[in-house]
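Visitor: I would like a close look at one part of this protein. Please take a single helix and what comes right after it, and then place that part among its surroundings.

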Amino acid sequence: MKMASRAGPTVDGTDGSDFGHRERVVSQYHTSALTKGRLTTTLYLHMGLAVVLLAKLSPAIFDYLDIFILQLEEQNIPKPLLWEWIWFGSSFLAFIIGGNALRSSRSGKIKVFMGVVCALGFLPIFYAMFINWSDAYAFLFEKQSKVYKTWKGYPVALLWYVFISQSLIVHSCELYFASVLNDAWNLKRK
């Protein structure tokens, strides 16, 4: 048997031109690396939305801790509902589970992340859409009735729908990227 080289002697049975397959990265590794970066970005966007919601929840948190801040109390921010607390708490849970899944590259962990996003991300958001629908409809189509809630002159329901739309985009991207990673990691294991 001879040593393989481009110009010199080759292994018996080959002309030395078969080195090309060793130069490529297997596609699922390339897909995994690219999608991990994209999922990381969406996890940080998710945390950005959580910070926005934290600003809305801060008066209730300070009230619970018996901290009085006059400027914050003067804002008359509406009291938080249960879905806000669930979504806010699940954001940190999703960030931790998603980050752990990305570090370990295990399909089982990414499936848990997908379950958390569906159950504790989408469901509270869908509930928020449901409870704010009548106020949004009243503002959009029955402006003379003034039956919708406002905050600083803005309709609360539409402010929530801005938040909801951004959350739906982020959650959809998280699920899509997690699904792509799950497929790539399952191929790797076979």
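Guide: What follows is a walk along one helix, through the loop behind it, and on to the next helix and a pocket. The model is a predicted one.

The helix is α3, residues 82-104. Its 23 residues reach 33 Å from the first C-alpha to the last, close to the 33 Å expected at 1.5 Å a residue. The buried residues of α3 include aromatic side chains, namely Trp83, Trp87 and Phe88. Also buried in α3 are Glu84, Ser90, Ser91, Ala94, Ile97, Gly98, Gly99, Ala101 and Leu102.

After α3 comes Ser105, which sits in the loop between α3 and α4. Its phi is near 55°, a positive value in a residue other than glycine. Ser105 counts as buried because its relative accessibility is 9%, and buried means under 20%.

Beyond the loop, helix α4 covers residues 107-141 and holds Phe141. Phe141 has 56% relative accessibility and therefore counts as exposed, the cut-off being over 50%. Together with Trp133, Tyr137 and Leu140, Phe141 makes a nonpolar surface patch of about 450 Å².

Helix α4 also has a part in the largest pocket, which holds about 560 Å³ of space. The pocket is lined by 21 residues, and those closest to its centre are Lys56, Pro78, Val156, Leu159 and Trp160. Two or more lining residues come from each of α1 (27-64), α4, β1 (150-151) and α5 (156-189).

Key:
Residues numbered from 1 in each chain as written. Predicted model: local features only at pLDDT ≥ 70, side-chain atom pairs only at ≥ 80, totals over all residues. Heavy atoms only, no water. Patch = residues over 30% accessible without salt bridge, like charges linked within 9 Å, V, L, I, M, F, W, Y side chains within 5 Å. Areas by Shrake-Rupley, 256 points an atom, 1.4 Å probe, with all protein chains shown as cover. Salt bridge = Lys/Arg side-chain N within 4 Å of Asp/Glu carboxyl O. Helix = DSSP H or I, 4+ residues; strand = E, 2+ residues; numbered from the N terminus. Buried < 20%, exposed > 50% of the residue type's maximum accessible area, 1.4 Å probe, protein only. Expected span 1.5 Å × (residues − 1). 1 Å grid on protein atoms, 1.4 Å probe; cavity = no way out; pocket = protein on both sides within 12 Å on 5 of 7 lines; lining within 4 Å. Points joined across faces, edges and corners; volume = space filled by probe spheres on them.
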